[in-house]
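Open the model in your viewer and keep the selection panel at hand. The stops below say what to select next and what is there.

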Amino acid sequence: MKKLQQIAISTLLALLISACGGGGDDTTFGSSSATRSDETVLGRVTGFGSVYVDGVEYETDNTQITINGVPADESALKLGMVVLLKGNSDGSHGEAFNIDFSDEIHGFVDENLTATGGALQVMGQTVYSDPLTVFESAVASITTIAAIPQGAIVEISGYRNTDSALFATRIELKKLALDPGDEVSVKGRIETLDENAKRLTLGTMGVDYSQAEVKDILIVGRFYEISSRQGTSPISGDLIADEIEAAEDAADQIDSDTDEQVKLEGRIDTLLTDDLFTLNGLEILLSPETEFEDGDREQLTENALIKVRGYLNEQGQVSADEIEFRSETYTEIEGIVSQVDSNNSTLTIGNSLIHYSSETLVIDEWKEDRSFNLQQIRVGDELEIDTTQDASGNLFAVKLVRKSGTEVETDDEDQAEGGGDEGAEGDDTDEEGSSESENDDANTGVPGITDSHRVLAFNDLGMHCADLDYTTFVVLPPFNVIRSQVIERGATPRILSSAEVDVAYKAQMDAAGSINTTSQNLPGSVQKTNFWDINPASGNTYVFDLFGGNPPADVGLLGQSMPGVNAPYSANEDQPFGHYDADFAWFSADGVPILPVDDAGQTNAYPLMQVTASDKTSGQALASLDIVLPVASEADCQNCHALGEIGADSNRRPEVDFIFPDDINDPNDVLQAAKANILRLHDNKHGTDIDNQRPVLCAGCHYSAALDLAGNGGPVGKQVGHAMMSQVMHGHHGELRDPATDELIFPENGTLEETCYQCHPGKVTKCLRGAMGGAGITCQNCHGGMLAVGGVHDLPAGGGLDGANDGTTPRRPWIDEPRCESCHTGDSNDHLGGAIRLSQTWESGDPSATPRRAENKRFAENPAKLYRNSLGHGGVACEGCHGSTHAIWPNAVPGSNDNVAAVQLQGHAGTISECSSCHTTLGLTLDGPHGMHNVNSPAWTEGHESFYQQNPGSCRACHGQNLEGTALSRTAADRDLQTDDNGPIHLVKGTEVSCTLCHERP
């Protein structure tokens, strides 16, 4: 059976919540036995506490979850998402093996007609909603679908009818407008196609695909997915497409063994015969044994909403065992629960007796409890319920929303796991974050944190590259760096030294089941590298021939080992950090030899390592943290240097004996042939003989700070007199021109795909993946073009990092790098340019791309230090709170491995901003990181007035000159504020906090 692929939601059939059968029976559709059977389910998420799909509760302890093709954890799944689930169940409970989700549209609203009974028009697609559509808004002022404005950015999941209109099961309002570099995507049917003009229409939207990568043949009438980074919402005018590919239909998605059950729901597309029809492209075959519920065969008409259960036959059709017709007439009932009968699955509101079942969509607006379920309904709860009615007048809940409720007191033994003893910190803090304790000054929010210590750990660069094959030439060995600080929590937190704690790392399995314990090969199965193998030409190991050392397998160049060093593929043992740097108060593990191949042989550039701190005397573990150890081997030369390409063209260079790979179907063979062509080209141009000296270490002659393992600080030995590695690669290649056109091969203002990603890991690995990458910031925005990176242009006076290279020579690789202060130039009171945050570190027109210096140092690194070597609040490493260079938190993909550490430290992704991550108590202050005040603190909410009276400018710095909020005052997570005048106020993540949220401006 082929592996289930990423979903194309345009072909998914939503499993809407169905009404119970007559008499209030609480059986789930299709359940007839307690024996679990394998099944494929195409439906939407209706609840949590594991995950409910199609009324079945699926355990997800070992589930592989993907969101838009990226591994994620369960927290990334949301109500209303249409998912493809592979697992087993007995009709009530089961286990999910795989859950995959892909949104149908992520883009801009053309027009909103819902207020007049119409629909949303989104990127040329007609989108309908109904009472069962789950709506979530990241904009506090917009609480209904009808209020979504034109140009707003929404994410939609749903299913289509015969007219290709989209019936939304979930609509999420992301923001009010596109930001530069934002990507939008839409799936739909091509209506018209003009291949000469490179233009098509998708629904009512025109698309210019003249600059797009078109991965499949374009055919009118077929479904495709189109993505764009145009950066604006073309309400009128064409969308400029970046990529177009065919979207798979349901038949491609559902591939089940013949003895496995298939469950799906949707609208009938086409009636083919009396016994055969299509449901979103998948053929449904009827038989005399097919059972019908709430309808009969005569009601099978186009657009009829039905649910199907059956089995996939050898022809790829679903042989239907049961077909259930769905009612689309809903009645809303709202009120206070007066009675709950859990035995009969009913509740009473007023005079209405309402039946509910495991298929009822359940939402909690009171406490926003993700795991809220029907068993938690209490007398006195205020509910809003959408119901359907059967022929006997019985009411069945299809959607239930808890608007408010009643607190339930419990004895000590009934308290939830993790609750503290009486008097413990946070014991008097309620769900909204308000405090009833007498010492409000001590409350900093995030109740329930009782850990005594915190581990902060981070990779130094956010991405390391490593070759996998060391037979030809080598740019970088397996060499990764982990740094860690250990904090003792308290009123004044303290960073611990090597005299007090030991720190170690071991491999950690991620949510997708990937783990990387070893870099050794598993004979006959997993092949990771030949780094420690014997070179038959010399009789030495490749690592010895290249670097002069001879570490055993799984041991790096500076002695750091992989966790499986002692028993590859079976051991996962703590490995101690190699040294402690007192100047930075951090532990460092330099040269961990990890590779982007996990223990199952699958590519994973972002494996997890667990860093643990232990008491030096007792050996007791104090705290741990899971971090990404990023590594990629995507760096590539074959785009230009494979035989016949511009860098290995025998017609242009007949004197060079370029070679063709022995096996063109072997990617490594192709890559090594390209590398050999580079050696031969080098020999021809420079009179060397390195092709006969394989393996060749490029840094042996061209100094690279990344491989200055001895700490020489510059060229030595054979490196003297040769250009540095970065200058050779960027400066030389940046000046090359295509002889046929005289155009630069790497355009100075080219896209990432035309420049950086030709060599650096990006097309697949997506190494620029952090907050800046998510905001559309590119490599060039920080570093400049290839000529600037290659040091072709001298730095101006004041351009060097430390004043040692100003105005006389080119930039120094790895030293004269971009700075935080170059874009984060100050605050609302004092900053450079027209915005508080700029999107380019250097001034346009400067060929050297020298990073600007800000006079306001609020967000600057330490003097003459790079970000990765700077310390901030209380001596904590900048990377400890903000994430690694190139991977600044958060990663835009919620379930990404990059976000794991921040979530573990503070409960949500993003910069570590919760004071209680390290502080146990904290008085009101403006001495937080970058001049911040207490975050998520009821005490601050109640007592900040005096701070404004003493220094209004301190508030305006982040909240704006008019105190109406800026990017610096955005909430890092959902917040609930308690106010004296207006009661509790709920702020969604990203809200720009202003005075007027709670009161008038002072």
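Select Asp-816 first: Asp-816 is buried, at a relative accessible area of 3%. Here buried means under 20% relative accessible area, exposed over 50%, and partly exposed in between, with a 1.4 Å probe and protein chains only. Add Arg-812, which is also buried, at 17%. The two side chains form a salt bridge, N to O 2.9 Å; the term stands for a side-chain nitrogen of Lys or Arg within 4 Å of a carboxyl oxygen of Asp or Glu.

This is a predicted model, in which local features need pLDDT of at least 70 and side-chain atom pairs count only at pLDDT 80 or more, while totals for chains, interfaces and linings use all residues. Residues are numbered from 1 along each chain as its sequence is written, and side-chain values use heavy atoms, with hydrogens and water left out.

Now zoom out to the whole chain. It has 13 helices and 47 strands; these are DSSP runs numbered from the N terminus, helices being H or I with at least four residues and strands E with at least two. Of its 1002 residues, 51% count as buried. Contact means heavy atoms within 4.5 Å; among contacts in the chain with a separation of 6 or more, 64% are between residues 24 or more positions apart. The exposed area is about 43700 Å², of which carbon and sulfur atoms supply 47%, by the Shrake-Rupley method with a 1.4 Å probe.

How many salt bridges does the structure hold? There are 37. Select Lys-263 and Glu-39 for one of them, with the closest N and O atoms 3.4 Å apart. Lys-263 lies in strand 21 (residues 261-273) and Glu-39 in strand 1 (residues 37-48), so the pair ties together parts 224 residues apart in sequence. Lys-263 is buried at 1% relative accessible area, and Glu-39 is buried at 0%. Extend the selection to Asp-54, Lys-307 and Glu-359, which are linked with Glu-39 and Lys-263 in a network of salt bridges.

Next, select Glu-243 and Lys-215, whose side chains meet in a salt bridge of 3.5 Å, N to O. Glu-243 is in strand 20 (residues 243-246) and Lys-215 in the loop between strand 17 (213-214) and strand 18 (223-228), so the pair ties together parts 28 residues apart in sequence. Both ends are partly exposed: Glu-243 at 24% and Lys-215 at 41%.

Go to helix 5 (residues 725-735) and colour its buried residues: Met-725, Ser-726, His-730, Gly-731, His-733 and Gly-734. What do the buried residues of helix 5 pack against? Show helix 3 (638-641) and helix 8 (786-789).

From helix 3, move to Leu-643, which sits in the loop between helix 3 and helix 4 (667-686). Leu-643 is partly exposed, at 30% relative accessible area.

Finish at Glu-500, in the loop between strand 37 (494-496) and strand 38 (501-508). At 25% relative accessibility, Glu-500 is partly exposed. Leaving aside neighbours within four places in sequence, Glu-500 is in contact with Arg-494, Ser-614, Asp-615 and Lys-616. Add Ala-613 as well: the C-alpha atoms of Glu-500 and Ala-613 are 9.9 Å apart, with their positions 113 residues apart along the chain.
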